[in-house]
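I opened the notebook to look up a few helices and pockets. My notes follow the display.

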Amino acid sequence: MASERKFVRENVKRVRIKQFLINEIEGAGFGGMTIQRTPIGTRVNILVERPGMVIGKSGAKIKELTENIQTKYNVDNPQIEIQEAGAQASLNAQIMAEKLAEALERGWHFRRAGHSTVRRIMNAGAKGCQVIIAGKLTGARHRTEKFVEGHIKYCGETAKEVMDTGYAVAKLKPGVLGVKVRIMRPDAKLPDEVIIRKEEGEAKKQIERIVERKTEIKAEPELEKKTDIKKITQIQGIGPAVVKKLEKAKITSLEELYSMNLEDILAIPGIGQKTAELIVKHIKKLIEEGDTNSVKS
């Protein structure tokens, strides 16, 4: 029971320190904090949009914060470290909630401020966001307005894992406005996002088939190419008489002859068995080597 009370006491202290920092560095864009115990004391990491406002002139502001945390909350040797949000400020729900509250306090209409905040968050790459503004927006009666875009998870363990929530208060003359910003992070993975991957062995076989097919295509001569049928005489044993017989059979290129099998060539009048075998044996090599080298049988 003593340990449980200690946990509760420590968490209450963290919440009070966080609220103290939000109030003290208002306008600097507070984006969250973490507290870590170290061998020499306690490290307090603060994420802000404008670090200069937290550090102050010659470090006076951060020194004052350190002394207040140590005396008010009995923190052992606190060491404050400032981390700049940078480009990730638009994806930090707490920073965006405070910026929205500041815009409302400067006189922005709540619809303009809400839509502008949603656009900025979505342009930063968020999967979804929700902005809620509640209070006396236009009259004496309380109203709640919501601005939503993209995916939003409202409850369950998934909402705890993928949603970032920030709160802020805008103080106006009619009363205070509550601001709540919820952001789904760009790297959030939802339970229904399933990627089906093929087995490693099957994928390997498919790659091998594709490579083999490409090799076959590369090895085959280009049938669209037209090589004069007279080049067939470069095969030793085939003369102009054979060329005339081929031309008579309306065969005008080596590629057409290559597409024929032995039976088709034998069907040409005047072409004997030996000549047909010579053609079948050397036609492919003749096409590949081009018309400069002769082929010997």
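These entries take two helices in turn, then two pockets.

**Entry 1, the model.** I am working from a predicted model.

**Entry 2, helix α1.** I checked the length of α1, residues 2-24, first. At 1.5 Å a residue, its 23 residues should span 33 Å, and the end C-alpha atoms are 33 Å apart, so the two agree. Next I looked up burial. I17, F20, L21 and I22 are the buried residues I noted in α1. I then asked what the buried residues of α1 pack against. The partners are two strands, β1 (30-38) and β2 (41-48), and two helices, α3 (60-72) and α4 (93-105).

**Entry 3, helix α3.** I ran the length check again. The 13 residues of α3 should span 18 Å at 1.5 Å a residue, and the end C-alpha atoms do lie 18 Å apart. I listed the buried residues of α3: I62, L65, T66, N68 and I69. They cover an arc of only 165° around the axis, so they sit on the same side of α3. The general rule I had in mind is that an α-helix has 3.6 residues a turn, so residues three or four places apart point the same way. K63 and T71 are exposed, on the face of α3 turned away from the buried side. The cover over the buried residues includes α1, α2 (51-55) and β3 (78-84). Just after α3, I noted that N74 has a positive phi of about 55°.

**Entry 4, T66.** Is T66 of α3 buried or exposed? Its relative accessibility is 19%, and the cut-off for buried is under 20%, so T66 counts as buried. Leaving out residues up to four places away in sequence, T66 touches P78 and I80.

**Entry 5, largest pocket.** I recorded a volume of about 310 Å³ for the largest pocket. Its lining has 13 residues, and the closest to the centre are I22, E26, E98, A168 and V169. α1, α4 and β6 (163-171) each give two or more residues to this lining. Which element gives the most to it? I found that α4 does, with five residues. By class, the lining holds five nonpolar, three polar and five charged residues.

**Entry 6, second largest pocket.** The volume here is about 160 Å³. Lining residues include M96, K99, W108 and R120. Both α4 and α5 (110-123) supply at least two residues. The most come from α4, with five residues. I sorted the lining into five nonpolar, two polar and four charged residues.

Terms used. Residues are numbered from 1 along each chain as its sequence is written. This is a predicted model: local features need pLDDT of at least 70, side-chain atom pairs count only at pLDDT 80 or more; totals for chains, interfaces and linings use all residues. Side-chain values use heavy atoms; hydrogens and water are left out. Helices (H or I, at least four residues) and strands (E, at least two) are DSSP runs, numbered from the N terminus. The expected span of a helix is 1.5 Å times one less than its number of residues. Buried means under 20% relative accessible area, exposed over 50%, partly exposed in between (1.4 Å probe, protein chains only). Contact means heavy atoms within 4.5 Å. The arc is that of the directions from the helix axis to the C-beta atoms. On a 1 Å grid over the protein atoms alone, a cavity is a set of points where a 1.4 Å probe fits but cannot get out, and a pocket is an open set with protein on both sides within 12 Å along at least five of seven lines; lining residues have an atom within 4 Å of a point. Grid points are joined across faces, edges and corners, and a volume is the space filled by probe spheres set on the points. Ala, Val, Leu, Ile, Met, Phe, Trp, Tyr, Cys and Pro count as nonpolar, Asp, Glu, Lys and Arg as charged, and the others, Gly among them, as polar.
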